[in-house]
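Me: Please take a close look at one strand in this model and the parts of the chain around it. Then say how the rest of the model compares in detail and in confidence.

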Amino acid sequence: MKKFTFAAIAAIAAVMMYSCGNGTPKASLKSDIDTVSYAIGMAQTQGLKDYLVGRLGVDTAYMDEFIKGLNEGANAGDDKKKAAYYAGIQIGQQISNQMVKGINHELFGDDSTKTISLKNFMAGFVAGTTGKEGLMTVDSASQVAQEMMRSIKAKVLEKEFGPNKKAGEDFLKENAKKEGVVTLPSGVQYKVLKKGTGAMPKDTSRVKVHYEGRTLEGKVFDSSYKRGEATDFRANQVIKGWTEALTHMPAGSIWEVYIPQELAYGERQQGTDIKPFSMLIFKIELIEVDPKK
């Protein structure tokens with residue numbers, strides 16, 4: 001069967017509904033064209049109701065209003081003014097039902113008492129769409145949005161997970177006083193368990209290591225020892241605290257490394273064990289350095 005485009009179907013539907021106002025059109029199958037038009041129209045509704053409810057948020061109690069809008073849209077034909085208006089309605093509803101809700105969840109999690117400003121969102125959206133009277137460029141707005149969203153999200157998370165941050169800071173403060181613990185300028189601390197004499201990696205060097213990572217509470221969240229196989233990677237392809245430690249470690253060394261949260265995952269949660277603002281402790285065994293790779 002020949003595949004019909006939506007535009008072609010809409011044109012047929014417009015002819016059928018032109019004189020029917022906003023109610024349900026009455027079918028009159030007096031010819032083959034009448035019949036195929038009706039059949040095509042009905043065939044195209046497969047899955048439509050689920051789409052309206054699930055994706056567009058239409059309440060089935062108001063299907064008469066949907067039919068009214070459907071008729072108006074189909075009967076608009078090539079009216080560019082109406083087409084622009086209907087496009088605005090559609091995108092406006094997506095902003096309300098999807099964009100704003102998604103942004104709120106990204107920023108505030110499950111706290112439904114907080115929301116971004118719809119007024120200012122729309123001011124920025126309209127300025128960006130029309131290119132008129134914008135307070136910033138679209139490119140700069142994207143950068144500002146990313147930076148501020150991260151900052152706002154971090155503040156929200158800090159209210160919930162602030163104790164993790166303090167616990168880590170307190171631990172590092174006391175740990176720095178212990179015999180054998182060295183504190184690097186970045187704040188990373190380490191204790192030598194075995195002294196190596198091999199090459200010291202650069203941040204671009206490829207290294208082969210065994211390691212075990214645990215939380216401040218002692219929960220082991222990852223271990224190459226348990227997997228029975230060392231891992232290799234470039235020294236700058238891991239969290240900043242790892243890179244800092246590795247570039248001070250001679251090959252053959254085994255260190256216990258204490259990484260402040262801001263040089264680990266910061267406000268990000270990793271899996272179920274690493275909560276936001278968690279400092280981490282690693283046993284790192286630097287087996288091999290290949291500066292050529």
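Reply: **A strand and its surroundings**

Glu-285 is a residue of strand E7. The model is a predicted one, and the description below starts from this residue and works outwards.

Glu-285 is partly exposed, because its relative accessibility is 23%. Beyond four places in sequence, Glu-285 touches Lys-208, Val-209, His-210, Tyr-225, Ser-253 and Ile-254. Ile-254 opens strand E6, which covers residues 254–259. A further reference point is Lys-194: its C-alpha atom lies 8.7 Å from that of Glu-285, and 91 residues of sequence separate the two.

Strand E7 itself runs over 280–290, and the loop between E6 and E7 contains Phe-277. What sets the backbone of Phe-277 apart is its phi, which is positive at about 65 degrees although the residue is not a glycine. Most residues other than glycine have a negative phi. Phe-277 is buried, because its relative accessibility is 6%.

On the other side of E6 in sequence, the loop between helix H9 (240–246) and E6 holds Ala-251. Ala-251 has 14% relative accessibility and therefore counts as buried. The C-alpha atom of Ala-251 is 5.7 Å from that of Glu-288, a residue 37 places away along the chain. Contacts of Ala-251 beyond four places in sequence include Leu-286, Ile-287 and Val-289. The list also has a second stretch of the chain, Gly-196, Thr-197, Gly-198 and Ala-199.

Two residues touched by Glu-285, Val-209 and His-210, are also in contact with Ser-224. Ser-224 belongs to helix H8, residues 224–227. With neighbours up to four places away left aside, the remaining contacts of Ser-224 are Tyr-211 and Glu-229. Ser-224 is buried, because its relative accessibility is 0%.

**Salt bridges**

Side chains of opposite charge can pair when their charged atoms come close. The structure has nine salt bridges, among them two that involve strand E3.

Arg-206 and Asp-232 form one of them, with 3.0 Å between the closest N and O atoms. This pair joins distant parts of the chain, since Arg-206 is in strand E3 (residues 206–215) and Asp-232 in strand E5 (residues 231–234), 26 residues apart. Arg-206 has a relative accessible area of 25% and is therefore partly exposed. Asp-232, at 43%, is partly exposed as well.

Glu-256 and Arg-214 form another, again with an N to O distance of 3.0 Å. Here strand E6, which carries Glu-256, is linked to strand E3, which carries Arg-214, across 42 residues. The two partners fall in separate classes of accessibility: Glu-256 is buried at 14%, while Arg-214 is partly exposed at 23%. The cut-off for buried is under 20% relative accessible area.

A third salt bridge pairs the side chains of Lys-165 and Glu-158, at 3.3 Å from N to O. Lys-165 is partly exposed, with 23% relative accessible area, and Glu-158 is partly exposed too, with 33%.

**A helix pair**

Two packed helices are described by the angle between their axes and the distance between the axes. For helix H5 (residues 80–108) and helix H7 (residues 138–175), the axes come within 8 Å and cross at roughly 55 degrees. H5 and H7 are therefore oblique to each other. On the H5 side the residues that meet H7 are Ile-103, Glu-106, Leu-107 and Phe-108, and on the H7 side they are Met-149, Ile-152, Lys-153 and Val-156. By class, this contact has six nonpolar residues, two charged ones and no polar ones.

**Confidence**

The chain has a mean pLDDT of 85, and 91% of its residues are at 70 or more. Strand E6, a neighbour of the loops described above, has the highest mean pLDDT among the elements, 98. The lowest, 41, belongs to helix H1 (residues 6–17). Over residues 1–21 pLDDT stays under 50, and for this stretch the model has 18 contacts beyond four places in sequence. Where pLDDT is low, the predicted coordinates should not be read in detail.

Notes: Residues numbered from 1 in each chain as written. Predicted model: local features only at pLDDT ≥ 70, side-chain atom pairs only at ≥ 80, totals over all residues. Heavy atoms only, no water. Helix = DSSP H or I, 4+ residues; strand = E, 2+ residues; numbered from the N terminus. Buried < 20%, exposed > 50% of the residue type's maximum accessible area, 1.4 Å probe, protein only. Contact = heavy atoms within 4.5 Å. Axes fitted to C-alpha atoms, helices over the stretch in contact; angles between N-to-C directions. Parallel < 35°, antiparallel > 145°, perpendicular 65-115°, else oblique. Nonpolar A, V, L, I, M, F, W, Y, C, P; charged D, E, K, R; others polar. pLDDT = per-residue confidence, 0-100. Salt bridge = Lys/Arg side-chain N within 4 Å of Asp/Glu carboxyl O.
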